[in-house]
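I sat down with this entry to work through its strands and how they pair. My jottings start once the model is on screen.

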Amino acid sequence: MIKNKINNLFEQKEKVLIPYITAGDPTFYSSLQLLNFLASNKAKAIEIGVPFSDPMADGKIIQNAMNRALGFSISKTFELIEKFRKEHNIPLIIMGYFNTFYNYGIEKMAEQMNKLDIEAIIIVDLPLEEVNIIFETFQKHNIHLIPLISPITPAERLEKMRSFFSGFAYLISITGTTGIRNTLPQSIKLK
């Protein structure tokens, strides 16, 4: 069973702020400044998006951030995190797309994440039917695979997910693209 700072974060059963940034948007230095600011101002964990040319289901804000950061590689993202880790030790979550991680090398990715104390990964476009090809690699390196679920995910699929995913579940609370809204659907219950 994977046990790291992500577990500790959620065992407290309190609401936590986990902001998201796109690595390299707009520069290495500004990303580092933003990470330091978030870590120093009540963020309990930070989600770092790896730039990708065609982000799925993301609204204009993240699409624009990804476009500004294109060319900022996974290697540069790890370099950014390495600098950040010199001052901060809060939980980090990498978010991105399978093709980027596969091209970098799944084993190499997991080793680097372990070395930099990155607790979890969200692979946006990884179908449940394919997760077994990477599950053992991340488990071996004590890294949570975080699932994306929606209010319409069937119960039997959720049960299958429990075999591979851990840490927490990333709830996609609305259908369509991400972005600013004045209200949430009434089907979403906030506690």
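These are my notes on the strands, taken one pairing at a time.

Reminder to self: this is a predicted model.

Entry one, β1 and β2. I looked up strand β1 (residues 20–22) and found that it pairs with β2 in the parallel sense, over three bridges. I21 has I48 as its bridge partner in β2. I then checked the connection: β1, helix α2 (residues 28–40) and β2 form a β-α-β unit, and its hand is right.

Entry two, the faces of β2. Which way do the residues of strand β2 (residues 46–49) point? I see I46 and I48 on one side and E47 and G49 on the other, and all are buried. That fits what I expect, since side chains alternate between the two faces of the sheet in a regular strand.

Entry three, β2 to β3. I found four bridges joining β2 to strand β3 (residues 92–96), and the two run parallel. I48 turns up again here, with I94 as its bridge partner in β3. I also noted E47, which stands opposite I93 in β3.

Entry four, β3 itself. Buried or exposed, I wondered about the residues of β3? Five of the five are buried, so the strand is largely enclosed by the rest of the structure. Both faces are covered: I listed L92, I94 and G96 on one side, with I93 and M95 on the other.

Entry five, β3 to β4. I traced four bridges from β3 to strand β4 (residues 120–123), again running parallel. For I93, the bridge partner in β4 is A120.

Terms used: Residues numbered from 1 in each chain as written. Predicted model: local features only at pLDDT ≥ 70, side-chain atom pairs only at ≥ 80, totals over all residues. Heavy atoms only, no water. Buried < 20%, exposed > 50% of the residue type's maximum accessible area, 1.4 Å probe, protein only. Pairing = 2+ DSSP bridges. Right-handed = clockwise from strand over helix to strand, strands pointing away.
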